[in-house]
Amino acid sequence: MTIICKSKTASKRNTIEPIYGDCLERAGLHIPHSGMAIIRQGLKIKVGDLVHCSRVCGEIPGMIKQVQSIVDGTITVGSAYIDPARDFSFEAVEIYGVVTEVFDKITHNRVYKRK
């Protein structure tokens, strides 16, 4: 069972998390210089979304992965490398929110927007 974390106040529903690497390029996220991801709580999670999640309860800082399946309250997430042989997946124990946008850390250009 995956826990969906919720903020008690509306002002805490958006957070910014650092993101780097090439593990989500097949999902449409290319960040050559690393980036900053805007995470929104309270959005309905769909297959294909990028989410800020963890493998174990309370893991800090967590990681950003793509939702692969949602079955009976359990959400499976994973990577989306250009080379599928490198991919891995796991059951998310906690989901902190959905990635709505990602900005390149150096150029400040938006490199990803949730559909």
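**View 1. The second largest pocket of this predicted model holds about 170 Å³ of space.** Its lining is made up of Ala27, Gly28, Lys46, Val47, Gly48, Asp49, Gln66, Tyr112, Lys113, Arg114 and Lys115. Sorted by class, these lining residues come out as 3 nonpolar, 3 polar and 5 charged. While you are here, pick out Lys113, a lining residue that returns in the hairpin view as the bridge partner of Glu101.

**View 2. The largest pocket has a volume of about 260 Å³.** Which residues line the largest pocket? Look for Glu17, Pro18, Ile19, Tyr20, Cys23 and Leu24, then His52, and finally Pro61, Gly62, Met63, Ile64 and Lys65. Two strands, β2 (14-19) and β5 (63-71), each supply at least two residues of this lining. By class, the lining of the largest pocket has 8 nonpolar, 2 polar and 2 charged residues.

**View 3. The model has 1 cavity of 30 Å³ or more.** About 30 Å³ of space lies inside this largest cavity. Around the cavity you can find Ile19, Tyr20, Gly21, Asp22, Cys23, Leu24, Leu29 and Ile31. The lining of the cavity counts 6 nonpolar, 1 polar and 1 charged residues. Some names may look familiar: Ile19, Tyr20, Cys23 and Leu24 line the largest pocket and also line this cavity.

**View 4. The largest nonpolar core contains 14 residues.** Within this core, Ile19, Leu24, Leu29, Ile64, Val99 and Val102 touch the most other members. Strands β3 (35-40) and β8 each supply at least two residues of the core. Apart from this core lies another, of 10 residues, among them Val51, Cys53, Ile95 and Val98. As background, nonpolar side chains tend to be buried together in soluble globular proteins.

**View 5. Val102 gives a good look at contacts around one core residue.** What does Val102 touch once neighbours within four places in sequence are set aside? The list is Ile19, Leu29, Ile31, Met36, Ala37, Asn109, Arg110, Val111 and Tyr112. Two of these partners, Ile19 and Leu29, are named with Val102 among the core residues that touch the most other members.

**View 6. Strands β8 and β9 form a hairpin.** Strand β8 covers residues 94-104 and strand β9 covers residues 110-113, and the two pair in the antiparallel sense over 3 bridges. To trace one bridge yourself, start at Glu101 and find Lys113, its partner in β9. The hairpin has 5 residues between its strands, and in the turn His108 has a positive phi of about 65 degrees.

**View 7. Ser34 and Asp72 both sit in loops and both have a positive phi.** As a reminder, most residues other than glycine have a negative phi. Ser34 lies in the loop between β2 and β3, and its phi is near 75 degrees. Asp72 is found in the loop between β5 and β6 (74-78), with a phi of about 50 degrees. Which of these loop residues is buried, and which is exposed? Ser34 has a relative accessibility of 19%, so it counts as buried, the cut-off being under 20%. Asp72 has a relative accessible area of 74%, so it is exposed, which requires over 50%. Leaving out residues up to four places away in sequence, Ser34 touches Ile19, Tyr20, Phe103, Asp104 and Lys105.

How values were computed: Residues are numbered from 1 along each chain as its sequence is written. This is a predicted model: local features need pLDDT of at least 70, side-chain atom pairs count only at pLDDT 80 or more; totals for chains, interfaces and linings use all residues. Side-chain values use heavy atoms; hydrogens and water are left out. On a 1 Å grid over the protein atoms alone, a cavity is a set of points where a 1.4 Å probe fits but cannot get out, and a pocket is an open set with protein on both sides within 12 Å along at least five of seven lines; lining residues have an atom within 4 Å of a point. Grid points are joined across faces, edges and corners, and a volume is the space filled by probe spheres set on the points. Helices (H or I, at least four residues) and strands (E, at least two) are DSSP runs, numbered from the N terminus. Ala, Val, Leu, Ile, Met, Phe, Trp, Tyr, Cys and Pro count as nonpolar, Asp, Glu, Lys and Arg as charged, and the others, Gly among them, as polar. Two strands pair if DSSP finds at least two bridges between them. A nonpolar core is a set of buried Ala, Val, Leu, Ile, Met, Phe, Trp, Tyr and Cys residues joined through side-chain atoms within 4.5 Å. Buried means under 20% relative accessible area, exposed over 50%, partly exposed in between (1.4 Å probe, protein chains only). Contact means heavy atoms within 4.5 Å.
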